[in-house]
Amino acid sequence: MQTIKGASAHLALAPTRKFLQSDAGSHPSHSILFPICKRVSLLWSSGNRRSKMQQGVAKTAAAAASTFENGSDVGKNASYLTDPAELIKSVETFIFDCDGVIWKGDTLIDGVPKTLELLRSLGKRLVFVTNNSTKSRKQYGKKFETLGLTISEEEIFASSFAAAAYLKSIQFPLEKKVYVIGEVGIQKELEQAGISYLGGPEDGDKKIDLKPGQLMEHDHSVGAVVVGFDRYINYYKIQYATLCLRENPGCLFIATNCDAVTHLTDAQEWAGGGSMVGAVKGSTKKEPLVVGKPSTFMMDYLSKKFQIEKSQICMVGDRLDTDILFGQNGGCKTLLVLSGVTTLETLQSPENTIQPHFWAHQLSDLLSAQKLANV
Ligand SMILES: [Mg+2]
């Protein structure tokens, strides 16, 4: 897999770093034995979970030194966020992953509105980044609105937008088209960028009738195939994308993300965008350019757009292999929240090699900073 280093990188691609950290790494199935600690007292949920959480806090408390100069803590065990005020003071921008940080499915996570309000009142810039490409920025804006949050379109960066922004950044020729495996979010963003496309939902019902001599025609002006999460992926789309990539000279293969799993419902994990990308990788033997997390494309774009130093950014997410790696790859501070897919056991498992600077139970842990003067 390849990742893009910078909006102006064109096709100068750097090999990814720890990119395919298995999603198994963020599964709750790993178990480790925590040392027994009697002196820890935390207000947290009861029973077994409480006990494990307390032990985890004890384990990291010793490492809770408050120095977190950029990058210096990477590789060390994450510390529990004991001093939110210090973290808030040290950055000017917070980038949030959405699912598992702001909401879970269609439910807002407790304390989020107050926390965002606090950060805004302290003059912090807030940015919301999601690997989910099924919606455009405008559509995400509506979702925020439905949940009672006022977020402007300018503050939202979805991987659907990243795909269009990348193509614009390389001055994708206007006479060329994009073939889309994905949903309407990618199409809307391409449209807004003035880029022609085909495929997507329109090819959702297409079937292949394999009679003798059957040949599929394809458009030779397709200069890029963009693959994102697509609930209606089928053999027609895979074959069409394959033909474009194998037969159109210089045709780009762009992936919005390679997430192994996604959370379509709260009952189980579902096959993620990586499964659609994997189908096209399998048939073309080509590696995609990834524009979503953990590729640094969006971080570079944001940093340029808002003129922010990356050391002045804190990336907040619930996944190690996308959010935290994204922050690390971009040279930002990182905060893992346990309100989504990652458990404390996973974070502290010896098998986990991705350590954020800090971890917290949920975003509203930052609220304790409001008690402190002069944040
Ligand atoms: Mg998430």
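**View 1. Helices α5 and α6 cross at roughly 35° in this predicted model.** The axes of helix α5 (residues 159-169) and helix α6 (residues 184-192) come within 8 Å, where axes are lines fitted to C-alpha atoms, for helices over the stretch in contact, and angles run from 0 to 180 degrees between N-to-C directions. Helices (H or I, at least four residues) and strands (E, at least two) are DSSP runs, numbered from the N terminus. The crossing of α5 and α6 is right-handed, the near helix being turned clockwise from the far one by less than a right angle, whereas an anticlockwise turn would be left-handed. On the α5 side Ser-160, Phe-161, Ala-163 and Ala-164 meet Gly-185, Ile-186, Glu-189, Leu-190 and Gln-192 of α6, a contact requiring C-beta atoms, placed from the backbone, to lie within 7 Å. The residues of this contact divide into five nonpolar, three polar and one charged; Ala, Val, Leu, Ile, Met, Phe, Trp, Tyr, Cys and Pro count as nonpolar, Asp, Glu, Lys and Arg as charged, and the others, Gly among them, as polar.

**Basis of the model.** This is a predicted model, in which local features need pLDDT of at least 70 and side-chain atom pairs count only at pLDDT 80 or more, while totals for chains, interfaces and linings use all residues. Residues are numbered from 1 along each chain as its sequence is written.

**View 2. Seven strands form an open, parallel sheet with helix α9 packed on it.** The strand order is β3-β18-β17-β16-β4-β7-β8, and two strands pair if DSSP finds at least two bridges between them. At the edges stand β3 (79-80) and β8 (156-158), each with a single partner strand, so one side of each is left without a neighbour in the sheet. Strand β4 (residues 93-97) and strand β7 (residues 125-130) pair in the parallel sense over five bridges, with Val-129 in β7 as the bridge partner of Asp-97. Helix α9 (residues 297-306) touches β4, β7 and β8, and its direction makes about 155° with that of β7.

**View 3. Helix α9 is mostly covered and is flanked by backbone features.** Seven of the ten residues of α9 are buried, among them Phe-297, Met-298 and Tyr-301; a residue is buried if 20 or more other C-beta atoms lie within 10 Å of its own, exposed if 12 or fewer, and partly exposed in between, with C-beta atoms placed from the backbone. The loop between β15 (289-290) and α9 contains Pro-294, and the peptide bond from Lys-293 to Pro-294 is cis, with omega near 5°. Just after α9, Gln-307 takes a positive phi of about 55°.

**View 4. Strand β11 pairs with both β9 and β12.** Six of the six residues of strand β11 (residues 222-227) are buried, so this strand is largely enclosed by the rest of the structure. With β9 the pairing is parallel over five bridges, and Ile-181 has Val-227 of β11 as its bridge partner. With strand β12 (residues 252-255) the pairing is parallel over four bridges, and Val-225 is partnered by Phe-253 in β12.

**View 5. Gln-171 has a positive phi although it is not a glycine.** The phi of Gln-171 is about 55°, and the residue lies in the loop between α5 and β9 (177-181). Gln-171 is exposed, with 8 other C-beta atoms within 10 Å.

Conventions:
Two residues are in contact if their C-beta atoms, placed from the backbone, lie within 7 Å.
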